[in-house]
Protein chains: 2
Amino acid sequence: MLKKRPNLAGNEFFEKGHLYFLPHVSIDNVIFGFHDNELKVLLLEWKDHHNWCLPGGFIYRDEHIEDAAIRVLKSRTGLDNIYLKQFNTFGDPVRHLGMDTVTQKKRSQTSSWVLDRFVTIGFWAIVEFSKVIPEPDEFSESCRWWDIDKVPTLVLDHNLILEKAVQSLRLNLNDYPVGKNLLPPKFTMPELQRVYETILGKNLDRRNLQKKMLALNILERLQERKSGGAHKAPFLYRFDQRKYEKAMKQGLKFGLH
Amino acid sequence: MLKKRPNLAGNEFFEKGHLYFLPHVSIDNVIFGFHDNELKVLLLEWKDHHNWCLPGGFIYRDEHIEDAAIRVLKSRTGLDNIYLKQFNTFGDPVRHLGMDTVTQKKRSQTSSWVLDRFVTIGFWAIVEFSKVIPEPDEFSESCRWWDIDKVPTLVLDHNLILEKAVQSLRLNLNDYPVGKNLLPPKFTMPELQRVYETILGKNLDRRNLQKKMLALNILERLQERKSGGAHKAPFLYRFDQRKYEKAMKQGLKFGLH
DNA sequence: TTTCGTATGTGTATGGGGTACACAATCAAT
DNA sequence: ATTGATTGTGTACCCCATACACATACGAAA
């Protein structure tokens with residue numbers, strides 16, 4: 001009897017993968033992080049040192065698609081138990097026309113299952129930058145963060161997927177405290193403001209944002225921040241887990257546009 | 001050379017369908033309508049006179065998934081050019097465990113591509129009830145509207161899909177004038193109110209809703225309504241196409257909760 | 001030590017919109 | 001003509017979103 005989830009390497013993957021993975025369906029994850037006052041996204045570099053792509057993967061034949069997305073996320077970042085949201089499925093039959101010439105040529109010469117048409121299910125995740133250990137997969141040269149506004153041209157339709165992920169993230173801003181996932185446990189109000197400003201792509205009023213956040217009653221203020229910045233030291237805050245969970249159950253609203 | 005999109009009937013569909021359709025991926029449409037002051041959903045009855053399901057279908061190998069959804073919608077309702085929204089993809093590997101015993105038995109005895117695991121992409125549409133001519137497909141006995149709150153147990157995970165569709169519809173209420181698609185061209189304010197109340201599952205204040213709708217400046221009031229009801233005749237309204245398009249470009253907000 | 005530049009910490013005033021609410025008018029049925 | 005149920009309409013209140021200014025703290029440079 002066949003093993004359900006073997007570790008397939010190299011040619012075996014191309015030749016036998018379809019026996020273990022669902023053909024024609026894939027996962028792509030848009031993994032957001034925040035560092036140095038910039039919103040980042042985790043990208044993989046192909047071994048040709050030329051192409052970049054979103055971290056993605058395939059679905060085992062007995063695996064839930066959400067579990068596949070979690071597995072891909074964990075294998076690239078080391079993290080699980082993360083806020084992961086399915087936001088759109090991409091089904092253009094000519095998605096692969098975005099491929100580079102070499103790959104297209106290979107596609108026409110071979111018959112591996114991975115070169116056939118794929119519908120891909122897009123997920124986005126928001127993770128704490130400092131906890132991530134970027135890990136390339138077997139087919140990648142490297143794995144690293146990119147500033148969201150400096151992302152290069154990606155393979156296939158991955159730039160479109162990224163764009164849609166940002167739109168979806170924006171729509172979800174008001175239902176979910178993204179700062180809780182994107183920032184370290186202790187953070188300052190200016191940092192929290194920068195998170196929202198980057199995601200929304202606009203400037204917000206310091207005083208009003210702080211008023212709104214404190215009114216949610218899920219933050220706890222700590223002592224002063226140490227000598228880091230070159231200016232007045234801002235307070236540190238952290239999410240109060242109990243108040244946070246209580247508020248989430250009642251469905252809190254951030255009311256940011 | 002193979003024809004790209006032949007009309008496959010009966011056994012041919014089961015035996016050769018995978019040559020023309022993408023295996024493992026399907027479409028399911030949740031089609032909403034409004035009639036007799038009730039929100040309705042269009043369902044299909046299997047030939048066993050026993051099971052009901054959502055109208056769905058498969059994706060041609062060279063077809064965009066959104067086009068497949070439009071095709072399925074048109075073949076069940078006769079309508080195209082309709083507001084259709086992809087809302088979620090369902091990928092539980094044991095989705096089919098919701099199948100009735102007969103089908104499960106058949107599944108284990110045969111090897112048709114349609115009995116393998118499917119990931120299904122869910123769309124919802126809002127259509128004008130009176131324009132729809134419900135049309136069963138080859139495998140169905142009948143096709144008719146059901147009150148949203150009287151829907152029976154459906155096959156597979158279709159009750160879950162329906163539930164998620166309603167949730168998604170609610171979230172989209174504030175970005176889209178659903179009344180425009182669900183109601184006939186001329187409608188009364190109480191009817192419009194009933195649309196929102198049914199979708200949101202709660203009562204709304206007559207005066208405030210009217211105030212909000214008129215403030216959007218996309219409605220035009222006509223003369224009185226004729227002797228239909230047993231009470232004071234309400235005014236008729238219709239959407240002003242020019243004002244409507246102009247407002248939509250600016251992204252109007254309904255602000256209903 | 002002093003000065004300067006820059007970012008942080010804080011409160012108020014205003015306006016718009018959401019919400020609650022009551023009474024007069026109309027139509028059909030009796 | 002009366003009754004019952006539904007529609008048409010305006011006002012008052014309150015909360016929240018927004019705009020806005022000055023004092024304070026820290027590092028850097030003189």
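In this predicted model, the residues of the surface near DNA strand D comprise nine charged, seven polar and six nonpolar residues. Of the 22 residues that lie around DNA strand D, those that come nearest are A:S227, A:G255, B:P190, B:H231 and B:P234, so named residues of both chains appear in this group. At least two residues of this surface are supplied by each of helix 7 of chain A, helix 6 (189–200) of chain B and helix 7 of chain B, and helix 7 of chain A gives the most, with four residues.DNA strand C is likewise surrounded by 22 residues, of which the closest are A:P190, A:P234, B:S227, B:K232 and B:G255. The elements that give two or more residues to the surface near DNA strand C are helix 6 (189–200) and helix 7 (206–215) of chain A, together with helix 7 (206–215) of chain B. Helix 7 of chain B gives the most to this surface, with four residues. By class, the surface near DNA strand C divides into nine charged, seven polar and six nonpolar residues.

The two protein chains can be related by superposition: a turn of 180°, with a shift of 0.0 Å along the axis, lays chain A on chain B with an RMSD of 0.1 Å. This is the relation of a two-fold axis. Between the chains, 19 residues of chain A are in contact with 19 residues of chain B. On the side of chain A that touches chain B, at least two residues each are supplied by strand 1 (21–35), helix 2 (65–77), strand 5 (83–90) and strand 6 (119–126) of chain A, and the largest share, four residues, comes from strand 1 of chain A. This side of chain A has seven nonpolar, six polar and six charged residues. Because 100% of the interface residues of chain A are also interface residues in chain B, the copies meet through the same surface.

Within chain A, the packing of helix 6 against helix 7 was also examined. The axes of helix 6 of chain A and helix 7 of chain A come within 10 Å and cross at roughly 100°, which means that helix 6 of chain A is roughly perpendicular to helix 7 of chain A. The contact is made, on the side of helix 6 of chain A, by A:M189, A:L192, A:Q193 and A:Y196, and on the side of helix 7 of chain A by A:R206, A:L209, A:Q210 and A:M213. The residues of this contact divide into five nonpolar, two polar and one charged.

How values were computed. Residues numbered from 1 in each chain as written. Chains lettered and ligands numbered in written order. Predicted model: local features only at pLDDT ≥ 70, side-chain atom pairs only at ≥ 80, totals over all residues. Near = placed C-beta within 6 Å. Nonpolar A, V, L, I, M, F, W, Y, C, P; charged D, E, K, R; others polar. Least-squares fit on C-alpha atoms with pLDDT ≥ 70 in both. Contact = placed C-beta atoms within 7 Å. Axes fitted to C-alpha atoms, helices over the stretch in contact; angles between N-to-C directions. Parallel < 35°, antiparallel > 145°, perpendicular 65-115°, else oblique.
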